[in-house]
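This report covers enclosed space and charged pairs. Please keep the sequence and the 3D view at hand.

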Amino acid sequence: MIRSQYKGLVVGGGLMGARLGRPGDLVPTCHAGAIFSCPETELCAICDPYPSEEIGIWDVPIVESLDAALSQFNPDFAVVAVPEEGQYDVLRKLAKSNIRLAVAEKPLAQTIEEARDIVDLYRSSGKHLVVNLSRRYSQMYLRLSNSFADGSEQVISATIHYAKGLRHNGVHALDLANMLFGDVLEYIPLFSRADYKGSDPSVAMYLKMQLCPQVIFSVLDDKFYTHFEVDIFTNKRRYVIDQDHRRLSVSELVSETGIPPGNRLVQSASENTDYDSALSSLVANVVDVLNGDGQPVCTGEKALVSMEMACNILEKVLHAAD
């Protein structure tokens with residue numbers, strides 16, 4: 001029997017915290033499942049002030065008070081999966097506790113000032129802050145990022161389709177674009193749609209980036225369906241990532257084909273990605289950090305970049321609409 005090394009507390013018993021999935025699932029789909037399935041971590045408790053009966057499936061103590069959970073179980077790390085309006089207060093309390101590491105969902109807070117405060121607080125406390133910007137935990141996206149960064153492929157154009165608010169969900173798109181294409185050099189908002197909150201519309205825009213001259217953020221409407229899709233053209237290939245990041249279709253450059261004959265992109269492969277393993281990869285990264293064997297894949301500082309940009313864009317868009 002493998003001995004657990006680190007005790008993990010899940011704060012928030014909602015879908016991402018504990019309700020998506022069950023013990024024994026081959027692919028964890030919530031934080032409780034990812035901690036439960038990792039041989040080097042132990043799910044010590046779930047903290048929720050209004051717990052659902054569903055989370056009893058994890059067969060661990062369910063505690064309504066965060067102070068009580070921290071005192072009773074003395075966890076090594078905690079995962080915060082509470083509604084976004086409550087994350088700031090929980091992260092502040094954890095920074096002043098005895099935990100060594102906190103995992104936060106996006107966005108870090110509701111305002112950029114609160115997000116900066118959280119990052120500064122963890123930096124000054126010496127505790128690690130890991131953020132679940134989940135695309136960063138996929139080897140598929142990391143391979144693409146490395147290929148673009150080392151010049152193996154030149155990116156010509158990219159489109160990211162998203163919805164459900166620029167700050168709430170668009171930070172994933174902004175962070176992914178930053179990961180794949182480097183720094184944002186210029187951006188122009190084109191259109192906005194309030195499909196999430198009036199204070200957080202989804203914003204369509206053009207971005208000029210360090211490694212791609214045209215990145216288009218295309219806004220859909222989450223009232224109809226949830227959708228996030230990536231389409232990248234390079235000088236050698238086309239990559240289409242769809243089905244919630246779980247399928248990668250690649251088209252290769254073929255000479256003297258088509259009508260009339262010329263250089264064209266022909267689909268050559270379609271494969272399942274490793275995105276289902278993102279939560280497991282996150283917990284593996286937590287273990288590495290606690291062991292002293294690695295650094296956080298996504299730090300608070302990295303998450304702050306995409307959130308600052310989202311907030312700056314929203315301020316301009318909302319001001320222009322007044």
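## Basis

Helices (H or I, at least four residues) and strands (E, at least two) are DSSP runs, numbered from the N terminus. The model is predicted: local features need pLDDT of at least 70, side-chain atom pairs count only at pLDDT 80 or more, and totals for chains, interfaces and linings use all residues. Residues are numbered from 1 along each chain as its sequence is written, and side-chain values use heavy atoms, with hydrogens and water left out.

## Cavities

Rolling a probe the size of a water molecule over the atoms shows where empty space is left. A cavity here is a set of points, on a 1 Å grid over the protein atoms alone, where a 1.4 Å probe fits but cannot get out; lining residues have an atom within 4 Å of a point. Points are joined across faces, edges and corners, and a volume is the space filled by probe spheres set on them. The whole structure holds 2 cavities of 30 Å³ or more.

The largest has a volume of about 60 Å³. Its lining comprises 13 residues, with R22, D25, P28, G33 and W58 nearest the centre. The split is 6 nonpolar, 5 polar and 2 charged. In this scheme Ala, Val, Leu, Ile, Met, Phe, Trp, Tyr, Cys and Pro are nonpolar, Asp, Glu, Lys and Arg are charged, and the others, Gly among them, are polar.

The second largest cavity encloses about 40 Å³. Residues lining this cavity include E105, K106, V131 and M307. Helix α9 (residues 300-321) gives the most to the lining, with 3 residues. By class, the lining has 7 nonpolar, 1 polar and 2 charged residues.

## Salt bridges

A salt bridge is a side-chain nitrogen of Lys or Arg within 4 Å of a carboxyl oxygen of Asp or Glu. The search finds 14 of them. D67 pairs with K93, their closest N and O atoms 3.5 Å apart. This pair links helix α3 (residues 66-73) to helix α4 (residues 84-95), across 26 residues.

R193 and D221 meet at 3.6 Å, N to O. R193 lies in strand β8 (residues 184-197) and D221 in the loop between β10 (212-219) and β11 (229-234), so the pair ties together parts 28 residues apart in sequence.

## Burial of the partners

Buried means under 20% relative accessible area, exposed over 50%, partly exposed in between (1.4 Å probe, protein chains only). D67 is partly exposed at 45%, as is K93 at 36%. R193 is partly exposed at 26%, whereas D221 is buried at 10%.

Conventions. On a 1 Å grid over the protein atoms alone, a cavity is a set of points where a 1.4 Å probe fits but cannot get out, and a pocket is an open set with protein on both sides within 12 Å along at least five of seven lines; lining residues have an atom within 4 Å of a point.
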